[in-house]
Amino acid sequence: MKKSVLWLLALLVSSSAWAQTKEINFRKGTVAEIMAQAKTEKKPIFIDAYTTWCGPCKWMDKNVFVNDAVADYFNTNFVNYKLDMEKGEGIEMAKKYEVQAYPSFLFLAADGSVMHRTVGARPAEMFMDVATIAKDPAKNFASYQKKFDGGERSADFMMGYLKVLNEAALDAGKVAEAYFATQKSDQLLERGNWKLIYENINTVESPTFKHLVKNREAFAKKYTADSVNNKILSVYGMALNRAAYEGKDAEFTKLKTNLTKLNLKDAERSLLFADAVYYERKQDLPKYHAANIKLYDTYFSSDANRLNSIAWKYYETIDDKAMLQKAEEWARKSVSIAPGYANLDTHAALLYKLGQKQKALEAANKAIAAGKKNGDDVTGTEQLLAEIKKM
């Protein structure tokens, strides 16, 4: 009896180990070849749209694509394909399907049309739910898109479509505006609508955004002044940065004027951010530096990450000694707040660029010691140390 029990246990362990070898069968070949296989097999296509640097993508490989139930379902119901969206055909596919976040999961018909799509790693059970929805012609992305294009505008439908778009990391502005056009002014103040405004309205041209700005006191009374304030600043900030990047001077000036007139809390911070972007693009270093001084000394003087980030940017892009000295001050402050490897390394690099050999040596050695203790790759700092010793 005892031997039989042991044998049975061994069999169960062996079966369990064998079951864990299952995984999604990702096919090899070109996109065209995969589509041809899908047509022949009369199956839809599942594409794992990934990048090599994406941590959640690797997590899915290790924890979900090897799940027994997931592997069985996907191998039975889909032609499965992995595509690096930053190499080869992946680059054009990323443009074609507007893939901007990773991992993205595309479920396509054999002709390449989108059945369903979503973004983000998730456990096996939730991933199976996504696959089930993808095959459901009443619930998938394509069904919502078809109904919307056909004129469906009911509140429940529109909220469902917005949810699908958000889960796919797609711009939902057009759909949100169509939904809000069906709502009366007092309805826009309802909690569900405020949540949708906060998540989906992101342009200053939006009629709904203009309504929010005009009625910001009513929204602030019902919710919080900070949440309304932050939403308006966020939208203006995106618009300002876009105008600065694209060199639209008149639009940039108009946006600054309009935002200033609103007298919002912390508006200066958004304006300084925009000025830094604008003057950097204009290569007006004195004004760029002046904006950064006020921004980081006023708003981020206790934020080690931001101080380190701007200090490193100066190290990489600025040669003016006075400006570098200010960057060294920011780096030193970041080290005093959080003396980790990255901050110490930035400080050492700036001291080196300023020609302060002894201080640079001390900072580089501290950075290397901190990095090794934390298991960081300190190769870059070791190379810097060698250059410092040559001074």
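Helix H7 gives the most to the lining of the largest pocket, with four residues, and I should say at once that we are looking at a predicted model. The space in this largest pocket comes to about 390 Å³. Eighteen is a lot to point at, so let me name the ones to find on the screen: of the 18 residues that line this pocket, Glu98, Gln145, Leu165, Leu170 and Asp171 are the closest to its centre. If you would rather follow elements than single residues, then strand E5 (114-119), helix H7 (141-149), helix H8 (155-167) and helix H9 (173-180) are those that give two or more residues to the lining of the largest pocket. By class, that lining divides into ten nonpolar, two polar and six charged residues.

Let us move on to the second largest pocket, where about 230 Å³ of space lies. It has 13 lining residues, and the closest to its centre are Phe273, Val277, Tyr296, Ile310 and Lys313. Helix H15 (267-281), helix H16 (285-298) and helix H17 (304-317) each supply at least two residues of this lining, which holds eight nonpolar, two polar and three charged residues.

Now please turn to the sheet. What is the order of its strands? The sheet is open, with five strands in the order E1-E3-E2-E4-E5, and its pairing is mixed. Strand E1 (26-27) and E5 stand at the edges, and because each has a single partner strand, one side of each is left without a neighbour in the sheet. Within the sheet, strand E2 (residues 45-50) and strand E4 (residues 104-108) pair in the antiparallel sense, over five bridges, and you can find Phe46 standing opposite Phe107 in E4. Helix H6 (residues 124-134) packs on this sheet, where the helix touches E2, E4 and E5, and the direction of H6 makes about 160° with that of E5.

My last topic is the aromatic rings, for which the count comes to 34 aromatic pairs. One of them is formed by Trp53 and Tyr102, an edge-to-face pair with 5.9 Å from centre to centre and 85° between the planes. Why does this pair tie together parts that are apart in sequence? Trp53 lies in the loop between E2 and helix H3 (55-63), while Tyr102 lies in the loop between helix H5 (89-96) and E4, so the pair ties together parts that are 49 residues apart in sequence.

Methods: Residues numbered from 1 in each chain as written. Predicted model: local features only at pLDDT ≥ 70, side-chain atom pairs only at ≥ 80, totals over all residues. Heavy atoms only, no water. 1 Å grid on protein atoms, 1.4 Å probe; cavity = no way out; pocket = protein on both sides within 12 Å on 5 of 7 lines; lining within 4 Å. Points joined across faces, edges and corners; volume = space filled by probe spheres on them. Nonpolar A, V, L, I, M, F, W, Y, C, P; charged D, E, K, R; others polar. Pairing = 2+ DSSP bridges. Contact = heavy atoms within 4.5 Å. Axes fitted to C-alpha atoms, helices over the stretch in contact; angles between N-to-C directions. Phe/Tyr/Trp six-rings, centres within 6.5 Å; stacked < 30°, edge-to-face > 60°.
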